[in-house]
Amino acid sequence: MEMKKSRKIILTVIGIIVAIYTLFPFYLVVMNTFKNANSIVASPVGFEGVSFLQLMTNLSSVVNNSNFNFWYAFGTSVIITVISLVVLALFGGMAAWVICRNKTKWSTAIYMIFIASMIIPFQVVMLPLISTFRDVGNFVGISLLQSIPGIVFAYCGFGGAMTVFILTGFIKGIPYELEEAASIDGCSPEGTFFRIIFPLLTPVITTVTILNGMWIWNDYLLPSLMLGQNGKVKTLPVAVQAFVGSYVKQWDLILTAALLAIIPMVIIFLIAQKQIMNGMVEGAIK
């Protein structure tokens, strides 16, 4: 009993240390948005110089700054994230369902390709990706670089593997008799998917959507490559980087801009964390 109690205490202490280590950067961002530049330099960790009025001043300076263009970048990030998530959920569910129900060598091979693509680091394909998108865009007459359709297409490609992998494991636990009954009642394959399968996927799709949404919203590398740091289309992370370039020493404005980019996903995660856990647990049970 004493050994178990000691082990529990040690694990608790380790958990607290890891939590502090993880949350400390977020603490620095939030705390320093309440300060001016001089206070941040003088005391970046402490509470000296903290003022709610200064927070309002920093927010106003960032939102109304033409170099940052907050509302345009925010709207662009929302559009890219929402469209990408809808496409991933819809077509990922379709692909996972077909792979599960078609027991052929081709379906197995396609599934293994999805799994293998998750192993390849993005840094390996980022330069060929840009040249390929440029060539394909020139061929079809549609610009895939520095455009919203192009980056949405890229996100669907990079996020599709994980989406199909998670949804496939969930669909395997859905009784095939439900689909047979729907077929006997005269339901088409499309109707079976949208009326029977897709509603049952709601918990796991919620989990996958939130995980993909956090990645897409916070991603910097792919938008910076495809949209460019000086392009007309900018997501919030790219806009923040451009803002940092304009105000190298004004840390109060830089950290406030970073906080504005972080807050939406933090709020969504706090609201939907229960759905995330429920989706993971149901997927594990199935």
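How much area does the protein expose, and what share of it do carbon and sulfur atoms supply? The exposed area is about 16800 Å². Carbon and sulfur atoms supply 71% of that area. The model is predicted.

## Overall layout

The protein has 13 helices and zero strands. Read along the sequence, the pattern is α-α-α-α-α-α-α-α-α-α-α-α-α. Along the principal axes, the C-alpha atoms fill a box of roughly 70 × 70 × 35 Å. The protein has 286 residues, and 37% of them count as buried. Consider the contacts between residues at least 6 apart in sequence: 70% of these join residues at least 24 apart.

## The nonpolar cores

In soluble globular proteins, nonpolar side chains tend to be buried together. Here, the largest nonpolar core has 19 residues. Ile-80, Phe-133, Ile-151, Tyr-155, Ile-216, Leu-222 and Met-226 touch the most other members. Four elements give two or more residues to this core: α4, α6 (122-140), α7 (148-171) and α11 (221-226). Helix α7 gives the largest share, five residues.

Tyr-155 shows how this core is joined up. Leaving aside neighbours within four places in sequence, Tyr-155 is in contact with Ile-80, Ser-84, Leu-88, Gly-160, Trp-215, Ile-216, Asp-219, Leu-222 and Pro-223. A second core is separate and has 17 residues. Among them are Ile-99, Ile-171, Val-204 and Ile-205.

## Two helices checked for length

Helices α9 and α10 can each be tested against the span expected at 1.5 Å a residue.

| Helix | Residues | Expected span | End C-alpha atoms apart |
|---|---|---|---|
| α9 | 189-200 | 16 Å | 16 Å |
| α10 | 202-218 | 24 Å | 24 Å |

The twelve residues of α9 agree with the expected span. So do the 17 residues of α10.

Which residues of α9 are buried? They are Gly-191, Thr-192, Phe-193 and Ile-197. The buried residues of α9 pack against α4 and α8 (176-184). In α10, the buried residues are Val-204, Ile-205, Thr-207, Val-208, Ile-210, Asn-212, Gly-213, Ile-216 and Trp-217.

## Two buried threonines

Thr-81 lies in helix α4 (residues 70-101). Thr-81 counts as buried because its relative accessibility is 7%, under the 20% cut-off. Beyond neighbours within four places in sequence, Thr-81 is in contact with Gly-213, Ile-216 and Trp-217. Those three residues are listed among the buried residues of α10.

Thr-168 is found in helix α7. Its relative accessibility is 1%, so Thr-168 counts as buried. Thr-168 and Ala-96 are 72 residues apart in sequence. In space, they are 4.8 Å apart, C-alpha to C-alpha. With neighbours within four places left aside, Thr-168 is in contact with Ala-96, Cys-100 and Tyr-111.

## The salt bridge

How many salt bridges does a search of the whole structure find? The search finds one. Arg-101 forms a salt bridge with Glu-179, and the closest N and O atoms are 2.7 Å apart. The pair links distant parts of the chain, with Arg-101 in helix α4 and Glu-179 in helix α8, 78 residues apart.

Is each partner buried or partly exposed? Arg-101 is partly exposed, because its relative accessible area is 22%. Glu-179 is buried, because its relative accessible area is 7%. The cut-off for buried is under 20%.

## At the surface

Ile-10, Leu-11, Ile-14 and Val-18 make a nonpolar surface patch of about 380 Å². Val-18 is in helix α1 (residues 2-32). With a relative accessible area of 46%, Val-18 is partly exposed.

Gln-146 is in the loop between α6 and α7. Gln-146 has a positive phi of about 55°, although it is not a glycine. At 52% relative accessibility, Gln-146 counts as exposed, because exposed means over 50%.

Note on methods. Residues are numbered from 1 along each chain as its sequence is written. This is a predicted model: local features need pLDDT of at least 70, side-chain atom pairs count only at pLDDT 80 or more; totals for chains, interfaces and linings use all residues. Side-chain values use heavy atoms; hydrogens and water are left out. Buried means under 20% relative accessible area, exposed over 50%, partly exposed in between (1.4 Å probe, protein chains only). Contact means heavy atoms within 4.5 Å. A nonpolar core is a set of buried Ala, Val, Leu, Ile, Met, Phe, Trp, Tyr and Cys residues joined through side-chain atoms within 4.5 Å. The expected span of a helix is 1.5 Å times one less than its number of residues. Patches are made of residues with over 30% relative accessible area and no salt bridge: like charges are joined within 9 Å, nonpolar side chains (Val, Leu, Ile, Met, Phe, Trp, Tyr) within 5 Å. Accessible areas come from the Shrake-Rupley method with a 1.4 Å probe; for residues, only the protein chains shown count as cover. A salt bridge is a side-chain nitrogen of Lys or Arg within 4 Å of a carboxyl oxygen of Asp or Glu.
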